Amino acid sequence: MDVEELKTRFVGEEFDSTEFEVKPADALAFARCCGETDPRYSDPRHPEYQAPPTFMTRFHGRRTMPEEFPEEYFQGSFDGGKTVIAHAPIPVGATLVGTSQIADVYRKTGRSGSMTFLVHRMEYRNQEGEPISTVDWKLIRKDEA
Amino acid sequence: MILDLHNHSIKSDDGRARVESYCQWIRKKEIPIDGFVLTEHRQYDDESDYRALEDEFGLRILKGSEVETEYGHVLVFGVNDDLRAAFDFTRIDLPLATVLEESGRCGAQAVPCHPGRPNVGLCAHYETRGVPEGVEIIEVASGGSRAGEDEAAAALAERHDYAGVGGSDAHIVSHIGRCATRFPREIRDEEDLVAALREGGFEAVRWT
């Protein structure tokens with residue numbers, strides 16, 4: 001399956017929906033591990049207390065990829081990092097719903113040759129359906145020479 | 001007029017700089033350029049309007065593209081609807097001959113960039129694929145070059161009598177203005193840039 005076919009078949013289609021609880025102890029531990037000093041993230045008594053914006057990167061849906069997604073496109077790939085878009089404060093103690101989709105598949109060339117990039121996106125919403133956070137995770141596969 | 005001809009904003013998948021941040025950095029660091037060109041990877045950004053930033057910072061902000069061919073990456077200046085219809089900017093296997101020919105036909109100018117870079121520069125492909133027809137200008141000063149890469153580009157330019165331009169290939173704010181091109185004339189827009197490149201008389205400049 002080539003990249004164009006992957007795009008047509010999988011990009012933009014939600015393949016998983018999972019609930020995640022923002023546990024108070026986890027949020028506080030995450031903030032401390034990150035060296036966070038802003039009391040909004042590190043002091044539960046602060047009136048605007050919330051989880052750090054990058055907190056949602058620790059979650060993962062029940063499925064990593066769509067059911068029929070070809071394994072060779074992510075087996076053996078390496079982590080290209082995550083991008084977080086914060087839409088609203090992450091409420092500590094709340095349960096959020098995270099949906100997964102493949103946001104993009106593309107190829108590019110660089111010093112080390114050609115690579116395929118897979119963008120795995122998780123969108124988190126609160127129980128009212130309001131957007132809280134979008135996390136894009138890039139997976140990079142080095143193409144065969 | 002001095003323009004940095006090769007930069008990427010957050011519109012590129014690997015760009016980490018907002019255009020406004022580039023402008024602020026140029027002014028804060030008093031970098032002696034009059035403007036820059038955004039050459040986003042494998043696309044042409046026809047949505048963004050930077051005129052307000054141009055006015056606020058007194059900088060010329062132009063748009064081009066960086067496409068990918070079998071000879072490596074190529075900057076394209078003066079992108080227009082005809083050129084966008086001529087080939088698929090998203091492909092990574094465009095024939096260099098097509099990019100050069102169609103650019104010429106559509107009133108644009110193609111400039112192979114970072115020629116000394118492994119895999120994605122011209123030098124790596126000359127021995128195996130032969131010398132391509134139609135190359136007139138190459139990037140001889142690149143802010144993204146490693147040791148020896150710009151020297152290889154300069155040698156290539158001298159051997160084949162190519163004109164040379166400079167660009168930073170900035171992906172983060174602090175990399176803009178490392179390399180640029182000094183033109184002997186005013187450049188107001190993309191058409192002017194193509195005309196200036198075709199007229200010649202420019203030179204690559206480097207500050208790092």
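Here are some exercises with worked solutions on a predicted model of two chains, A and B.

## Exercise 1: The sheet of chain A

Task: Work out how the strands of chain A are arranged, and which of them stand at the edges.

Solution:

Step 1. Start with the inventory: chain A holds three helices and five strands. Walking along the sequence, you meet them in the pattern α-β-α-α-β-β-β-β.

Step 2. Now look at the order in space. The five strands of chain A make an open sheet in the order 1-3-4-5-2, with antiparallel pairing.

Step 3. Find the ends of that order. Strand 1 (14-21) and strand 2 (78-86) of chain A each have a single partner strand, so one side of each is left without a neighbour in the sheet. From one strand to the next, the twist averages 25°.

Step 4. Zoom in on one pairing. Strand 1 of chain A and strand 3 (residues 95-110) of chain A run antiparallel and are joined by seven bridges. Within strand 3 of chain A, A:Thr99 is the residue opposite A:Ser17.

Step 5. Add the helix. Helix 1 (residues 3-10) of chain A packs on the sheet and touches strand 3 and strand 4 (113-125) of chain A, its direction making about 160° with that of strand 3 of chain A.

## Exercise 2: Where the chains meet

Task: Describe the side of chain A that touches chain B, and say which strand gives it the largest share.

Solution:

Step 1. Count the participants: nine residues of chain A are in contact with nine residues of chain B.

Step 2. Assign them to elements. Strand 3 and strand 4 of chain A are the elements that give two or more residues to this side. The largest share, four residues, belongs to strand 3 of chain A.

Step 3. Sort the residues on this side of chain A by character: one is nonpolar, five are polar and three are charged.

## Exercise 3: Placing A:Phe117

Task: Is A:Phe117 buried, partly exposed or exposed? Describe its surroundings too.

Solution:

Step 1. Locate the residue: A:Phe117 sits in strand 4 of chain A.

Step 2. Apply the cut-off. A residue needs 20 or more other C-beta atoms within 10 Å to be buried, and 12 or fewer to be exposed. A:Phe117 has 18 other C-beta atoms within 10 Å, so it is partly exposed.

Step 3. List the contacts. Not counting residues up to four places away in sequence, A:Phe117 touches A:Gly80, A:Tyr106, A:Lys108, A:Lys138, A:Ile140 and, in the other chain, B:Asp13.

Step 4. For a distance along chain A, take A:Tyr49, 68 residues away along the chain: its C-alpha atom is separated from that of A:Phe117 by 36 Å.

## Exercise 4: The overall build of chain B

Task: Compare the radius of gyration of chain B with that of a compact globule.

Solution:

Step 1. Take stock: chain B has seven helices and nine strands. Its C-alpha trace spans about 45 × 35 × 30 Å along the principal axes.

Step 2. Make the comparison. A compact globule of 208 residues would have a radius of gyration near 17 Å, and the 16 Å of chain B agrees with this.

Step 3. Check burial: in chain B, 50% of the 208 residues are buried. For chain A, the share is 21% of 145 residues.

## Exercise 5: Inside chain B

Task: Why can strand 4 of chain B be called largely enclosed? Then trace what lies around it.

Solution:

Step 1. Count buried residues. In strand 4 (72-77) of chain B, six of the six residues are buried, so this strand is largely enclosed by the rest of the structure.

Step 2. Follow the pairing on both sides. Strand 3 and strand 4 of chain B form a hairpin with two residues between them, and six bridges join these antiparallel strands. B:Thr69 has B:Gly72 as its bridge partner. Strand 4 of chain B also pairs with strand 5 of chain B, antiparallel and over four bridges; here B:Leu75 is partnered by B:Val111.

Step 3. Bring in helix 4 (residues 96-105) of chain B, where B:Leu96, B:Val99, B:Leu100, B:Glu102 and B:Ser103 are buried. Their cover includes strands 3, 4 and 5 and helix 3 of chain B.

Step 4. Follow one of these residues. The contacts of B:Val99 beyond four places in sequence include B:Val74 and B:Val76. In the largest nonpolar core, of 57 residues, B:Val99, B:Val74 and B:Val76 are among those that touch the most other members. Another core, of 22 residues, lies apart from that one and includes A:Val22 and A:Ile132.

Key:
Residues numbered from 1 in each chain as written. Chains lettered and ligands numbered in written order. Predicted model: local features only at pLDDT ≥ 70, side-chain atom pairs only at ≥ 80, totals over all residues. Pairing = 2+ DSSP bridges. Axes fitted to C-alpha atoms, helices over the stretch in contact; angles between N-to-C directions. Contact = placed C-beta atoms within 7 Å. Nonpolar A, V, L, I, M, F, W, Y, C, P; charged D, E, K, R; others polar. Rg over C-alpha atoms; globule rule 2.2 N^0.38 Å. Core = buried A, V, L, I, M, F, W, Y, C linked by C-beta atoms within 7 Å.
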